[in-house]
Amino acid sequence: MGFLIETVISGLMTGMLYSLVALGFVLIFKASGVFNFAQGAMVLFAALAMARFAEWAPAHLGFDSKLLANLLGFVGAMLVMVAAAWLIERLVLGKLVNQEGITLLMATLGITYFLEGFGQTIFGNDIYNIDIGLPKDPVFLFESVFQGGVLVNKEDLYAALIAAAMVTLLSMFFQYTSTGRALRAVADDHQAAQSIGIPLNRIWVIVWSVAGFTALVAGIIWGSKLGVQFSLSLVALKALPVVILGGLTSVPGAIVGGLIIGVGEKVSEVYIGPSIGGGIEIWFGYVLVLFVLLVRPQGLFGEKIIDRV
Amino acid sequence: MNVLAEPLATAELAPKASRIGEVILEVKNISLAFGGVKALTDISFDVREHEVRAIIGPNGAGKSSLLNCINGVYTPQQGSITFRDRTFNHMNSRQVAEMGVARTFQSLALFKGMSVLDNIMTGRNLRMKTNLFQQAIRWGAAEREEIEQREAVERIIDFLEIQPYRKTPVGRLPYGLQKRVDLGRALAMEPSVLLLDEPMAGMNVEEKQDMCRFVLDVNDEFGTTIVLIEHDMGVVMDISDRVVVLDYGKKIGDGTPEQVRTNPDVISAYLGTGH
Amino acid sequence: MLYRENGQFKTTYRADQQVFPIAQDRIAIGLLLAFAIVVVPLVAPEYLFRAILIPFLILALAALGLNILVGYCGQISLGTGAFMAVGAYAAYNFQVRIEGMPLIASLLLGGVCATAVGVLFGIPSLRIKGLYLAVATLAAQFFVDWAFLRVKWFTNESSSGSVSVAGLKVFGLSIESPVQKYLFCLAFLIVFGVIAKNLVRGHIGREWMAIRDMDVAAEVIGIRPVYAKLSAFAVSSFMVGVAGALWGFVHLGSWEPAAFSIDRSFQLLFMVIIGGLGSIMGSFFGAAFIVVLPIVLDNLPYWFDIPIDTALASHLTFMIFGSLIVFFLIVEPHGIARLWSTGKEKLRLWPFPH
């Protein structure tokens, strides 16, 4: 029983991390109606920037404090993401206003390829480390209930808390600020929003910057866990089913979806996996989402699509 | 009635009133709601064969929703629809099409990626019977069928006077011509009942006259029963045999144009009650 | 001046409906086919066949299939690699497990299996639309990836996880040399090209396009969305499956599931979008573009005598590839096919400006 709880908790925390990446998708889709396939590449790009800046700063500026290095790294990476957001808006999104969804999707795929190549060109293609002082040792919880306690990874625990905090912040941002409202208007109809004076370009830069920020946080956490390397960009493919399960437009949906898929993956891998060959994590999330969509075609929390004639 | 048959010579046509036949379509106690919004409440009326039946009412009265129920696009929560002698609680779009009911749309649901010719050809779809393999080879049965149906569609194109535009993608045509293509596509189905949803919306006087002429020709020459949603009172009073009036999803009037025009409920719905 | 249709009046619908109504087009296609069938085998160097022509032919076939699904019927699919894999592995199993199985039969049966899987994964499209459907199709991709990796039966219990075929023969003629492989694939492409064009001109093609453009109106006309969508999945998967089988048998010779991964799916989707959605010609253009581009990018440094280390070169290729995709989408979202038809329009007027 203790082992099941461990698996579930581990799944919950992995799920939280998926949610973090999924948030970036939801943000951009909610605010600009674009399904940003490049989110994974953005996570990688942000993490690379952070890792390298944190490395270069002490070397070039001559100081020793880890904290300061990380801070400067963070700021540097954030600036890079904002610049990227601005460039993406100018060069890509601005020119594709009101094109069909699939065109925009393809454009983000193009951005993915570009960012992956560009990131590795500037920042190098070795494996880098991010160390922001998250404790990596495990801790035993619930020792009074289960004998020996339940093994929980502290790093994952902190990550989960950070992700939860981000989600709450972002939800409030969307619901209660005027910028959030403008973002939602833009997601509904680019041209209509433009015609009532909402500055599309500025909104998009804001959105992609915020998504870049989410990507950076996700990148730091995943990078701290796995090291910063090319495979980080594949994390996006893991987050996709989370986005769809929760519904493309729902921030809380991204959380719930992440938790469900995180737990589902872990539990099924441990309990069902061995009997059918193992390695089912690769498709579990996707097949689960497929079945959910058959029952609810708009995801768990997505908006129902009504066709009017 | 067969759209392809030669039109009857005018002298042979009996006076309009005696051509109108039995009830062909009957709507009984239809109620439709979307979540909390009640679009239609207990609507009942009938349509006689060969007549022109107008449905009028202020915007949002539920007229399009009513047509959508008849067509099977929406499923009403209550009520039934009887077509000839068969009664249904909810209509299946394909069944309705097979039974000979066609419609046009208020917002022009044309297939933007196709030409005028192709759009109208889709209306012949129910008559095209060749299977995938025959079409893949094309030579033989499929080619013959295409040519046969093309001839039928060309007759409709002639009727609607849109010959110069047959190969143009519909998205490029002006609004009035698109409306004609919409009508053409419906006519291609050789319907016995034609549901027209604001066929003259957004048109200028000349375009309206053309459209009226087409509608009346279809009714006169081919005997097609017409159910027509329209806002232009002049048109409605001129060409319809009977009128149904809706307001906020309820029926508030039913009768000849004269009767409806003098109905006090109808007048207050349109003009508002005086204070 | 050269491209005028003067005097080319059609007096029958049959003439009006033909694939190439303009005589100059018919001549051009005839010349192109003659060139492809006769001249190329005689003059092209072996490298050209192996690196460009054969991949182009097979991927063009797959792109054709994908275009039918995405371009004509409007159902987004990100799992095309999976259907290619099914075609390849199914054909392999038929070829290897049944004594004396003719090659073409195996390939076509591979296509049939891909059709079955395609229709199965097409069923969700009856309820799910747009981006949601795109992600649902990824389920097919990843599940099939896993199945061919882990379920040993599919790979005939191969210990290395990869399978191979050798000694291909058709009616006694062997398909070993590059020229033979090229002509074999060309034959398939021509046959399927004709079939695709016929389907798309027929009433099923109009049904597909109606569903793509406005499925509610299509239903009202009497089109059954179930039949239209599933037939699109079926036809598309058949072509993609046969292409997959060709890819494994003829181009690769021996392969593992990674040959049909999600990168392949994206590659095909790029071909279809850049080539032109809803256009047969577009599939060919797109395939040519995507096959030739990486080769050009890889070889640019050598042509300009700039020494670059391989890692950097591959990063740069990624960057240029990505930028070109975006550039194309901005400049002509309807793809090369639209550029081509606009060019032809201008050519009809040439030398007059309008």
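What distance separates the centres of domain 1 of chain B and domain 2 of chain B, taken over C-alpha atoms? In this predicted model, the separation of the two centres is 26 Å. The domain assignment of chain B places residues 1-100 and 191-275 in domain 1, and residues 114-190 in domain 2. Domain 1 of chain B is thus given as two segments of the sequence.

The two domains of chain B touch each other through 26 residues of domain 1 and 17 residues of domain 2. The area buried between them is about 1,700 Å², and carbon and sulfur atoms give 72% of this area. Two salt bridges are found across the interface of domain 1 and domain 2 of chain B. A salt bridge joins the side chains of D210(B) and R180(B), with an N to O distance of 3.5 Å. Polar contact across this interface, with both residues at pLDDT 80 or more, is found for two residue pairs. On the side of domain 1 of chain B that touches domain 2, the elements giving two or more residues are the helices α3 (93-98) and α8 (205-222) and the strand β7 (193-197) of chain B. The largest share of that side comes from α8(B), with nine residues. By class, the side of domain 1 of chain B that touches domain 2 consists of 14 nonpolar, nine charged and three polar residues.

A further interface lies between chain C and chain B. Here 30 residues of chain C are in contact with 36 residues of chain B. The size of an interface is often expressed as the accessible area that is lost when the parts come together. For chain C and chain B, the buried area is about 3,100 Å², with 59% of it given by carbon and sulfur atoms.

Four salt bridges are counted between chain C and chain B. A salt bridge is formed by the side chains of R206(C) and E146(B), at 3.0 Å from N to O. Between these chains, 11 residue pairs are in polar contact, with both residues at pLDDT 80 or more. Five helices of chain C each give two or more residues to the side that touches chain B, namely α1 (13-16), α7 (178-201), α8 (203-213), α9 (215-221) and α10 (225-252). Of these elements, α8(C) gives the most to this side, with eight residues. The side of chain C that touches chain B comprises 15 nonpolar, nine charged and six polar residues.

Notes. Residues numbered from 1 in each chain as written. Chains lettered and ligands numbered in written order. Predicted model: local features only at pLDDT ≥ 70, side-chain atom pairs only at ≥ 80, totals over all residues. Heavy atoms only, no water. Contact = heavy atoms within 4.5 Å. Buried area = accessible area lost by both parts, 1.4 Å probe. Polar contact = N/O pair within 3.5 Å; in protein donor to acceptor, adjacent residues only side chain to side chain. Helix = DSSP H or I, 4+ residues; strand = E, 2+ residues; numbered from the N terminus. Nonpolar A, V, L, I, M, F, W, Y, C, P; charged D, E, K, R; others polar. Domains from an automatic or database assignment.
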